[in-house]
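Here are my notes on the model you sent over, point by point. I've kept them short so you can read them with the viewer open.

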Amino acid sequence: MSLPLPDTADPPTLATFGETMLRLSPPDGERLEGTDDLAVRVGGAESNVAATAARLGCATEWRSVLPDSPLARRVERGVREHGVEPVVTRGEGRVGTYYFEPGGTPRGANVIYDRAGAAIRSATPDSLGVETLDHDAVYTSGITPALSETLAETTATMLAAAGEAGAERVLDLNYRAKLWSPATAAATLRPLFEDVDTLVVAARDAATVLDRDGDPEVVARDLATAYDFDTVVITRGEDGALALNEDVVYERTGYPADTVDPVGTGDAFVGGFLATRLAGGGVDDALNAGTATAALKRTLNGDVAAITPAEVRAVVDADGSAIDR
């Protein structure tokens, strides 16, 4: 099949805003408490999505606030090397970090955050360029308003301004229990929904935060009706995803993948989905691309899906298409 992806001669534009951190990881099979070596990578939901979309042909920006420091410059380099333009305002504070200790069954992976005092927490609409959101789409995740009351207010202003500028506004709920409770998340996120066109939400997060559980199609229809979303995407991890658009439901099972590193898989899905939609592809095409991109990401270390359009097309061509019903 011919999977539509952006034409790099005239690419669609995507702006994202939020926090990006440095990720420090011991070698596979080692514990943080015993290692002498830490691999340094860059990761954050919004920059991960921007990187994936850029690698698939979009012109992307990642907006944030960082201090003037060597670690901040490392973050910017890590974002830029995937084709994303970092649009950064200098502010007081530090660069957040997190430690990722990989581990399979039965131990599981361990994540330790060290992000208190990060410069992004005081970001205002002006520091994130609220007057220049005339992009084809603007994306952020539920992690951003979770970081501070200031960022919650800033996120609301940014989404409203993006709508006034004519951008497609995309929010991935992306609930993180280490940042806030389900009740606080719901109370903060629900008022944002009036300025969201496309909602992406993991099935588990829909149940935990929005009290919508059960059949994914029923959940998608319920959310679309309750909040007047144009598109609702329910992700189900390795089991694939379902999307509702214009009263049509599309489903895509997960593509088989060996899991080397699962971190950033959801962001890869969103990046692939958005790149295809912005290129004019249908929701079925976008589900295929998003799910294929997520599968490819699982085979790669780090947070970013360092993939190519040809690889995404090859995965889709090998395994068929999404089903609409």
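1. Let's start with a local pair. Asp 205 and Arg 204 meet through their side chains in a salt bridge, 3.9 Å from N to O. The two partners sit in opposite settings: Asp 205 is buried, with a relative accessible area of 5%, whereas Arg 204 counts as exposed at 59%. Keep in mind throughout that this is a predicted model.

2. Another salt bridge joins Glu 251 and Arg 236, with the closest N and O atoms 3.5 Å apart. Glu 251 belongs to strand S13 (residues 248–252) and Arg 236 to the loop between strand S11 (231–235) and S12, so this pair ties together parts that are 15 residues apart in sequence. Glu 251 is partly exposed at 24% relative accessibility, and Arg 236 is also partly exposed, at 25%.

3. How far apart in the chain are the partners Arg 115 and Glu 19? They are separated by 96 residues: Arg 115 is in the loop between strand S7 (110–114) and S8, and Glu 19 is in the loop between strand S1 (13–17) and strand S2 (21–25). Their salt bridge has its closest N and O atoms 2.8 Å apart. Arg 115 is buried, and Glu 19 is buried too.

4. For the wider charge picture, a search of the whole structure turns up 18 salt bridges. Arg 23, Asp 261 and Asp 303 are linked in a network of them. As background, side chains of opposite charge can pair when their charged atoms come close.

5. Now the inside. The largest nonpolar core has 36 residues, and those touching the most other members are Tyr 139, Phe 269, Phe 273, Leu 274 and Val 312. At least two core residues come from each of helix H1 (45–55), strand S8 (137–141), strand S12 (241–245), helix H8 (265–278), helix H9 (283–298) and helix H10 (309–319). H9 gives the largest share, eight residues. There is also a second, separate core of 28 residues, with Trp 180, Ala 185, Leu 192 and Val 196 among them. In soluble globular proteins, nonpolar side chains do tend to be buried together.

6. If you want one residue to click on in the largest core, try Val 312, one of those touching the most other members. What does Val 312 touch, not counting residues up to four places away in sequence? The list is Leu 3, Leu 56, Ala 289, Ala 292, Thr 293, Leu 296 and Ile 307.

7. On to the sheet. Four strands form an open sheet in the order S3-S2-S6-S7, with mixed pairing. Strand S3 (39–43) and S7 are the edge strands, each pairing on one side only. Ignoring direction, neighbouring strands are turned by 25° against each other on average. S2 and S3 run antiparallel and are joined by five bridges; Leu 22, for instance, has Val 42 in S3 as its bridge partner. Helix H2 (residues 70–80) packs on this sheet, touching S2 and S3, and its direction makes about 70° with that of S3.

8. Tyr 99, in strand S6, is a handy marker. Its C-alpha atom is separated by 5.7 Å from that of Arg 23, although the two residues are 76 apart along the chain. Leaving aside neighbours within four places in sequence, Tyr 99 is in contact with Leu 24, Leu 32, Leu 38, Asn 110, Val 111, Ile 112 and Asp 114. Tyr 99 is partly exposed, with a relative accessible area of 25%.

9. Finally, some backbone oddities. Most residues other than glycine have a negative phi, and most peptide bonds are trans. Here, a cis peptide bond joins Thr 105 and Pro 106, with omega about 5°, and Pro 106 is in the loop between strand S6 (97–101) and S7. Asp 211 has a positive phi of about 60° without being a glycine; it lies in the loop between helix H6 (203–210) and helix H7 (216–227) and is exposed at 62% relative accessibility. Glu 246, in the loop between S12 and S13, also has a positive phi, about 50°, and counts as exposed at 69%.

Notes
Residues are numbered from 1 along each chain as its sequence is written. This is a predicted model: local features need pLDDT of at least 70, side-chain atom pairs count only at pLDDT 80 or more; totals for chains, interfaces and linings use all residues. Side-chain values use heavy atoms; hydrogens and water are left out. A nonpolar core is a set of buried Ala, Val, Leu, Ile, Met, Phe, Trp, Tyr and Cys residues joined through side-chain atoms within 4.5 Å. Buried means under 20% relative accessible area, exposed over 50%, partly exposed in between (1.4 Å probe, protein chains only). Contact means heavy atoms within 4.5 Å. A salt bridge is a side-chain nitrogen of Lys or Arg within 4 Å of a carboxyl oxygen of Asp or Glu. Two strands pair if DSSP finds at least two bridges between them. Axes are lines fitted to C-alpha atoms, for helices over the stretch in contact, and angles run from 0 to 180 degrees between N-to-C directions.
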